[in-house]
Amino acid sequence: MKNRLKVLRAEHNWSQAELSAYLGVSRQTVNALETGKYDPSLPLAFKIARLFQLPIEKIFQDDPVFESEAKND
Amino acid sequence: MMNQEAQKDQSVSKTYVREFLTAMIAYAVVLIISVSLLKNGPSDAWWRIPLALTPMIPIFFALRAFLRYFHRIDELQKRIQLEAFALSFGISCVVTFSYGLLEYAGFPALNWTWVPSLMIALWGFGSVIASLRYYK
């Protein structure tokens with residue numbers, strides 16, 4: 001699964017430590033999320049969405065959907 | 001807020017390491033005393049059974065330290081622990097069962113206390129492997 005966490009975090013000028021504090025997870029977990037090595041649970045995904053005030057699908061994208069959207073662009 | 005959360009994350013690990021290490025040092029001390037008393041004491045004393053089990057008291061505190069840590073870590077850290085347990089459980093089953101079968105072929109019978117030692121060593125190894133998968 002792809003996500004825009006790193007971009008969104010940069011837009012807010014937050015460090016990984018800051019984002020991890022807002023989400024109540026460790027900094028390493030934020031790093032694993034950003035690099036796509038770990039997909040969050042639904043509660044954590046909602047927490048991320050609330051924090052950035054975006055719908056979940058604007059942050060996380062399933063790979064096939066993301067590819068077909070890229071083709072349509 | 002950020003500093004508090006970052007400190008909380010660090011303090012969770014620090015508390016765990018402190019509590020766990022204290023328990024394991026106490027375990028080593030109690031074990032040495034218990035084993036030496038059992039070896040040198042009378043073989044028919046009633047207190048041999050409770051004395052042999054005294055190292056389990058610090059082990060209980062080590063288990064409590066781990067459970068406290070486990071309940072305070074985040075979801076990815078829990079997943080890493082789960083993968084480490086799965087690896088430890090699987091390899092321990094294969095190794096101990098294989099050795100049990102080898103005993104039929106004449107291998108010497110080993111003390112059961114090797115089983116949890118193997119499981120804990122593999123759990124540590126599994127934690128490193130699983131951490132590398134997500135953190136590297």
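**Exercise 1. What percentage of the 73 residues in chain A is buried?**

This is a predicted model: local features need pLDDT of at least 70, side-chain atom pairs count only at pLDDT 80 or more, and totals for chains, interfaces and linings use all residues. Residues are numbered from 1 along each chain as its sequence is written, while chains are lettered from A and ligands numbered from 1 in the order in which they are written.

*Solution.*
- Step 1. Fix the term. A residue is buried if 20 or more other C-beta atoms lie within 10 Å of its own, exposed if 12 or fewer, and partly exposed in between, with C-beta atoms placed from the backbone.
- Step 2. Read the share for chain A. Buried residues make up 22% of its 73 residues.
- Step 3. Read the share for chain B. There, 9% of the 136 residues are buried.

**Exercise 2. Set out the helices and strands of each chain.**

*Solution.*
- Step 1. Define the elements. Helices (H or I, at least four residues) and strands (E, at least two) are DSSP runs, numbered from the N terminus.
- Step 2. Take chain A. Its secondary structure comes to six helices and two strands. Along the sequence, the pattern of chain A is β-α-α-α-α-α-β-α.
- Step 3. Take chain B. It has five helices and zero strands. From the N terminus on, its elements run α-α-α-α-α.
- Step 4. Judge the spread of chain B. The radius of gyration is taken over C-alpha atoms, and the globule rule is 2.2 Å times the number of residues to the power 0.38. Chain B has a radius of gyration of 19 Å, well over the 14 Å that the rule gives for 136 residues, so chain B is more spread out than a compact globule.
- Step 5. Add the box. Along the principal axes, the C-alpha atoms of chain B fill roughly 60 × 35 × 20 Å.
- Step 6. Divide chain B. Domain bounds come from an automatic or database domain assignment. Domain 1 covers 1-73 and domain 2 covers 74-136. The C-alpha centres of these two domains of chain B lie 20 Å apart.

**Exercise 3. Find the largest nonpolar core and say which helices supply it.**

*Solution.*
- Step 1. Define it. A nonpolar core is a set of buried Ala, Val, Leu, Ile, Met, Phe, Trp, Tyr and Cys residues joined through C-beta atoms within 7 Å.
- Step 2. Name its centre. The largest core has 13 residues, and those with the most contacts inside it are Val30(A), Ala32(A), Leu33(A), Tyr38(A), Leu76(B), Ile80(B) and Ala84(B).
- Step 3. Trace the helices. Helix H3 (27-34) of chain A supplies at least two residues of this core, and so does each of helix H4 (75-104) and helix H5 (114-135) of chain B.
- Step 4. Follow Leu33(A). Two residues are in contact if their C-beta atoms, placed from the backbone, lie within 7 Å. Beyond its neighbours within four places in sequence, Leu33(A) is in contact with Asn3(A), Leu5(A), Tyr38(A) and Pro40(A).

**Exercise 4. Describe the side of chain B that touches chain A.**

*Solution.*
- Step 1. Count both sides. The contact takes eleven residues from chain B and 14 residues from chain A.
- Step 2. List the elements. Helix H1 (2-40), H4 and H5 of chain B each give two or more residues to the side that touches chain A.
- Step 3. Pick out the largest share. H1(B) gives four residues.
- Step 4. Sort by class. Ala, Val, Leu, Ile, Met, Phe, Trp, Tyr, Cys and Pro count as nonpolar, Asp, Glu, Lys and Arg as charged, and the others, Gly among them, as polar. This side of chain B has six nonpolar, one polar and four charged residues.
- Step 5. Check confidence. The predictor gives the complex an ipTM of 0.83 and a pTM of 0.83.

**Exercise 5. Is Ile59(A) buried or partly exposed?**

*Solution.*
- Step 1. Locate it. Ile59(A) lies in helix H5 (residues 56-59) of chain A.
- Step 2. Apply the count. Ile59(A) is partly exposed because it has 19 C-beta neighbours inside 10 Å.
- Step 3. List contacts. Beyond its neighbours within four places in sequence, Ile59(A) touches several residues, among them Asn3(A), Leu8(A) and Phe52(A).

**Exercise 6. Where do Asn13(A) and Gln53(A) lie?**

*Solution.*
- Step 1. Place Asn13(A). It lies in the loop between helix H1 (5-11) and H2 of chain A. Its phi is positive, near 60°.
- Step 2. Place Gln53(A). It lies in the loop between helix H4 (42-52) and H5 of chain A. Its phi is positive, near 55°.
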